[in-house]
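The exercises below are meant to be worked with the sequence and the coordinates open side by side. Each task is followed by a solution that goes step by step.

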Amino acid sequence: MKENVHILGGGITGLFMAYHQVKKGNSVTLYEEKDTLGGVIGTLNKPEGLVELAANGILLTDDIKSMLDDIGLSPVFPKKASKRRYFWINQKLSQFPISILAGTKLLYSIFLKKLKFDPNLNFEHWGNQMFGSSVTKNIIEPALGGIYGTRLSELQPETIFSKWDGRGNSTIFKEIKKNKKKTYGTVSFPNGMGDLVTHLVSYLSPKITIKTGFSFSNFKEIQSLNGSVRICISLKKLLPILDSEIKLETKPNLLTISSVTRFGETKLTKKSCFGILFGKNEGVHALGVLCNSDIFVGRVQNQLHSETWIYPDLNTNKSDNSIESILETDRCLVSKKMDPPTVVYRTTWEGVFPAYDANLYKFNQVLDQLETNWSSQGKNIRFYGNYRKGIGLRSIFESTMF
Ligand SMILES: Cc1cc2nc3c(=O)[nH]c(=O)nc-3n(C[C@H](O)[C@H](O)[C@H](O)COP(=O)(O)OP(=O)(O)OC[C@H]3O[C@@H](n4cnc5c(N)ncnc54)[C@H](O)[C@@H]3O)c2cc1C
């Protein structure tokens, strides 16, 4: 039977949710506070080339391929030369920043060591016990820092790998195998990630009701909706609304991220690469950098080079240094030369991500309980977004499928 589904929030989570609901044949109304859809995702077409405001790519799976076919959008695959990925460790670029002995220990930890999470240990301490300090510092710290927008000491393993059995019965290999789906790497689109939003909106517009400039401020309004409710607004906007329903003992921590796209005449690295991940205390403030024009064709004009640098909250308001000048110092350290940029575009997103820490784990348990309570009262209201089952677009796409 056709179901009435109300989707709150028209960011990518709400748009993915609307897509899946349309495929199920349901009657959908999408409510968005702003006049435009897509949330943080968007692409600016500047004279120097494309500038992504948030996500630079999406991990392609068979399900995402089939959505792209439906919405008439072709993915752009990375250039072969961009396969190289660097870590910045001990003041130099390295593709494999650990010794053979540490590598052997890593393999042992993945294939044979029992996987046991400990709620009293943050990721840094847990990682040191599980994999050894070299692997934790030189591989896991830079890799997760670039994805989760903060340092390992602020992260909790069971929050990040919430689907894994971490009770000491399984191994990392078994859990990866259990949860593995075929993937085809990270892709973008001809006009950047904004293309994904515009194509989804064109596909959905004739099939659903879209109410822009429409905001919900408390749960009374939400519960008065007739049908299922899918709450797809960002965590930052959800927290004040939740106050009308439940008093939280511990609130999740929100992170501020800056994405800075820099166009210049010289390349960052001699050989083309996907990007660089930076370790902690390695002299660089950035978490990572993507070498856009090495990765995808059509990103730049006039033979410029484009890079996107990701910064955590550096408290630059309190210091004389702007993120833009910190970037030039970071870049000089890596490239060993000081080249002025042609132009730099910065977007700072305050509170855009939850920290994947112990607070978030507890918060999700509260939301699970809330959903169960509502369900026992015959109300079908559920929460979706980058604070529930993973931060990236692929996880959001998969979580909104069911
Ligand atoms: C700098 C940066 C780089 C990233 N890079 C990648 C990447 O390369 N790959 C990847 O997979 N992911 C990446 N991500 C993560 C991904 O982009 C986000 O997790 C995702 O876009 C979040 O989408 P959302 O719809 O949940 O939230 P949002 O984009 O915040 O959308 C929420 C929507 O809800 C609306 N809203 C808020 N309150 C209300 C209300 N009361 N009523 C109605 N509507 C409301 C808002 O206006 C907004 O449109 C990146 C994120 C950032 C910030």
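**Exercise 1. The surroundings of the ligand**

Task: Determine how many residues surround the ligand and which are the closest, and then establish between which domains the ligand lies.

Solution: In this predicted model, 34 residues surround the ligand, and the closest of them are G9, G11, G39, A55 and G392. The next step is to ask which elements give two or more residues to this shell, and these are α1, β2, β11 (254–264) and β15 (343–354). Helix α1 gives the most, with three residues. Sorted by residue class, the shell divides into 16 nonpolar, 14 polar and four charged residues. The last step uses the domain bounds: because domain 1 (4–49 + 188–251 + 356–399) and domain 3 (254–354) both give residues to the shell, the ligand lies between them.

**Exercise 2. The contact of two domains**

Task: List the domains of the protein, and describe the contact of domain 1 with domain 3 by its residues.

Solution: The domain assignment gives domain 1 (4–49 + 188–251 + 356–399), domain 2 (99–183) and domain 3 (254–354). Taken over C-alpha atoms, the centres of domain 1 and domain 3 are separated by 30 Å. To their contact, domain 1 brings 15 residues and domain 3 brings 17 residues. On the side of domain 1 that touches domain 3, the elements that give two or more residues are β3 (43–46) and α10 (235–242). The residues of that side of domain 1 divide into nine nonpolar, three polar and three charged.

**Exercise 3. The parallel sheet and its helix**

Task: Give the strand order of the five-stranded open sheet, and place helix α1 with respect to the sheet.

Solution: The five strands follow the order β9-β2-β1-β10-β16, with parallel pairing. At the edges stand β9 (209–212) and β16 (381–383), each of which pairs on one side only. From one strand to the next the twist averages 15 degrees. Within this sheet, strand β1 (residues 4–8) is joined by four bridges to strand β10 (residues 228–231), the two running parallel, and L8 stands opposite I231 in β10. Helix α1 (residues 12–23) packs on the sheet, where it touches β1, β2 (27–32) and β10, and its direction makes about 170 degrees with that of β2.

**Exercise 4. The mixed sheet**

Task: Find the strand order of the seven-stranded open sheet, and explain why one side of each edge strand is left without a neighbour in the sheet.

Solution: The order of the seven strands is β7-β6-β12-β13-β14-β11-β15, and the pairing is mixed. Strands β7 and β15 stand at the edges and have a single partner strand each, so one side of each is left without a neighbour in the sheet. The twist here averages 25 degrees from one strand to the next. As an example of one pair, β11 and β14 run antiparallel and are joined by seven bridges, and the bridge partner of V260 in β14 is W309. Helix α12 (residues 323–335) lies across β6, β11, β12, β14 and β15, and runs at about 65 degrees to β11.

**Exercise 5. Individual residues**

Task: Decide for R299, D368, Q91 and N281 whether each is buried, partly exposed or exposed, and add what is known of its position.

Solution: R299 belongs to the loop between α11 (292–295) and β14 (305–311). Since 25 other C-beta atoms lie within 10 Å, and the cut-off for a buried residue is 20 or more, R299 is buried. Leaving aside neighbours within four places in sequence, R299 is in contact with G49, L50, N292, S293 and S306. The C-alpha atoms of R299 and P190, which are 109 residues apart along the chain, are separated by 8.8 Å.

D368 is placed in helix α13 (residues 358–376), and with 13 C-beta neighbours inside 10 Å it counts as partly exposed. Between D368 and R382, 14 residues apart in sequence, the C-alpha to C-alpha distance is 8.5 Å.

Q91 lies in the loop between β6 (85–89) and β7 (92–94) and is exposed, with 10 other C-beta atoms within 10 Å. Although Q91 is not a glycine, its phi is positive, at about 65 degrees. N281, in the loop between β12 (275–278) and β13 (288–290), is likewise exposed, with 9 other C-beta atoms within 10 Å, and has a positive phi near 55 degrees. For comparison, most residues other than glycine have a negative phi.

Definitions and conventions
Residues numbered from 1 in each chain as written. Predicted model: local features only at pLDDT ≥ 70, side-chain atom pairs only at ≥ 80, totals over all residues. Buried ≥ 20, exposed ≤ 12 C-beta atoms within 10 Å, placed from the backbone. Contact = placed C-beta atoms within 7 Å. Pairing = 2+ DSSP bridges. Axes fitted to C-alpha atoms, helices over the stretch in contact; angles between N-to-C directions. Near = placed C-beta within 6 Å. Nonpolar A, V, L, I, M, F, W, Y, C, P; charged D, E, K, R; others polar. Domains from an automatic or database assignment.
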